[in-house]
Amino acid sequence: MSPSPSPTPRQPLQIGEFLADPGLNVVVGPQGPVALEPKILEVLLCLAARPGETVAPEELLATVWEGKFVVDAVVTRAISELRRAFGDDPKAPRYIQTVARRGYRLIAPVAPLAEAAPVKADATLVASPAAKATAPPARPRALLWSLLL
């Protein structure tokens with residue numbers, strides 16, 4: 001059996017029962033689309049480029065954050081966000097497995113989609129908790145003034 005081709009960085013991927021579309025920063029699964037921050041999706045693409053292999057957190061930092069000064073916790077946070085998007089449980093993983101003291105590995109089947117159907121532009125996106133936390137509040141002063149007047 002010949003190995004499957006490596007996915008290209010911006011090519012949509014089938015990961016288990018999910019479709020990851022890097023062009024839209026979205027993962028679409030049974031519960032619908034989930035918007036992800038670009039760096040979190042980049043972590044997923046790094047893992048998907050080497051399915052079944054352990055990828056060290058240092059390698060993810062070097063690849064995704066390209067030498068920028070960031071704390072190691074950003075990788076842990078990214079993995080946590082990906083697990084939320086996939087509905088994965090770290091204690092009984094179906095998508096991302098933690099390899100103690102070594103890193104993370106994508107254990108779900110990965111297949112590049114050459115002719116993937118794009119996600120509909122009018123699809124309702126479910127933002128990940130981190131994306132919601134980083135989104136600016138919707139005009140808080142206007143809301144405050146409307147409540148005061």
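These legends go with close-up views of a predicted model.

**View 1. Arg-83, a buried arginine without a salt bridge.** Here we're looking at Arg-83 in helix 3, which covers residues 73-86. Which side chain of opposite charge is nearest to Arg-83? That's Asp-88, 4.6 Å away. A salt bridge has to fall within 4 Å, so the pair doesn't make the cut. What Arg-83 does have is a polar contact of 2.7 Å, side chain to side chain, with Thr-98. Skipping the neighbours within four places in sequence, the residues in contact with Arg-83 are Asp-88, Pro-90, Ile-96, Gln-97, Thr-98 and Tyr-104.

**View 2. Phe-18 and Phe-86, an edge-to-face pair.** The structure holds three aromatic pairs. In the one formed by Phe-18 and Phe-86, the rings sit 4.9 Å apart centre to centre, with 85 degrees between the planes. Phe-18 belongs to strand 2 (residues 18-21) and Phe-86 to helix 3, so this pair ties together parts 68 residues apart in sequence. Both Phe-18 and Phe-86 are buried.

**View 3. Phe-86 again, now stacked with Tyr-95.** This time the centres are 4.7 Å apart and the planes differ by just 5 degrees. Phe-86 counts as buried because its relative accessibility is 3%, and Tyr-95 counts as buried at 3% too. Put Phe-18 back in the frame and you've got one aromatic cluster of Phe-18, Phe-86 and Tyr-95.

**View 4. Val-34 in strand 4.** The strand spans residues 32-35. With 14% relative accessibility, Val-34 counts as buried. Val-34 and Arg-84 are 50 residues apart in sequence, and their C-alpha atoms are 9.5 Å apart in space.

Notes
Residues are numbered from 1 along each chain as its sequence is written. This is a predicted model: local features need pLDDT of at least 70, side-chain atom pairs count only at pLDDT 80 or more; totals for chains, interfaces and linings use all residues. Side-chain values use heavy atoms; hydrogens and water are left out. Helices (H or I, at least four residues) and strands (E, at least two) are DSSP runs, numbered from the N terminus. Buried means under 20% relative accessible area, exposed over 50%, partly exposed in between (1.4 Å probe, protein chains only). Lys and Arg count as positive and Asp and Glu as negative; His and the chain ends are not counted. A polar contact is a pair of N or O atoms within 3.5 Å; within protein, one must be able to donate a hydrogen and the other to accept it, and residues adjacent in sequence count only if both atoms are side-chain atoms. Contact means heavy atoms within 4.5 Å. Rings of Phe, Tyr and Trp (its six-membered ring) pair if their centres lie within 6.5 Å; planes under 30 degrees apart count as stacked, over 60 as edge-to-face and the rest as tilted.
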